[in-house]
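This report looks at how side chains pack together inside a protein. Please keep the model in view while reading.

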Amino acid sequence: MAPSSPRPWPRLRAYEARDRDDCARIFVVAQQVAFPWEPPGTVTEADFDRSIRGEELWVAEVAAPTSKTAPCRWQVAGLISVFMPSQFVHSLFVDPVFHGLGLGSALLDRALYATAGRASLKCDERNRKGCTFYERRGWRATEWGWDTAGAWIRFSR
């Protein structure tokens, strides 16, 4: 059964070309937090461009004040990418400044909505916070493996 339609906050929308620089920055800084064992510079903004080829992307935006008199503007704070043919969540990254506000959960809900409630993803086994995040949201570990980056766990819904 497909989950209900995505929550109203944060604002979720399809990725647009104008989001590239914000998303590439988030892609890099969020990985530095999630994978602290990797040397600085291992992941670059150019890696973002390669990683999203052929994927559907959504961004989470939060309202950010611009000044005391101007209205808020929407700021990209996270992203999710899904390879739709296999319903595989390839990337989920939230700007570390916005961790703990539910953006990752909202983006996962959006991906599950797009995939009619069935999807899978892989998480680096060393990323214990990431693994716990998925488990607490009802994702089940269904497969374990190893590749050049190390051990991974496949989570499925």
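Contact here means that heavy atoms lie within 4.5 Å. Helices (H or I, at least four residues) and strands (E, at least two) are DSSP runs, numbered from the N terminus. The model is predicted, so to speak, by computation: local features need pLDDT of at least 70, side-chain atom pairs count only at pLDDT 80 or more, and totals for chains, interfaces and linings use all residues. Residues are numbered from 1 along each chain as its sequence is written, and side-chain values use heavy atoms, with hydrogens and water left out.

A nonpolar core is a set of buried Ala, Val, Leu, Ile, Met, Phe, Trp, Tyr and Cys residues joined through side-chain atoms within 4.5 Å; buried means under 20% relative accessible area, exposed over 50%, and partly exposed in between (1.4 Å probe, protein chains only). The largest nonpolar core has 25 residues, of which I80, V89, L121, Y134, W139 and F155 touch the most other members. Helix 3 gives the most to this core, with 6 residues.

Helix 4 shows its two sides in the table.

| Helix 4 residues | Relative accessible area |
|---|---|
| G130, C131, Y134 | buried, under 20% |
| K129, R136 | exposed, over 50% |

Seen down the axis of helix 4, the buried residues fall within an arc of 100° (taken from the directions from the helix axis to the C-beta atoms), so they line one face of the helix. These buried residues pack against strand 4, helix 3, strand 5 and strand 7. Among them, Y134 touches L92, L108, L121, C123, W139 and F155, not counting residues up to four places away in sequence.
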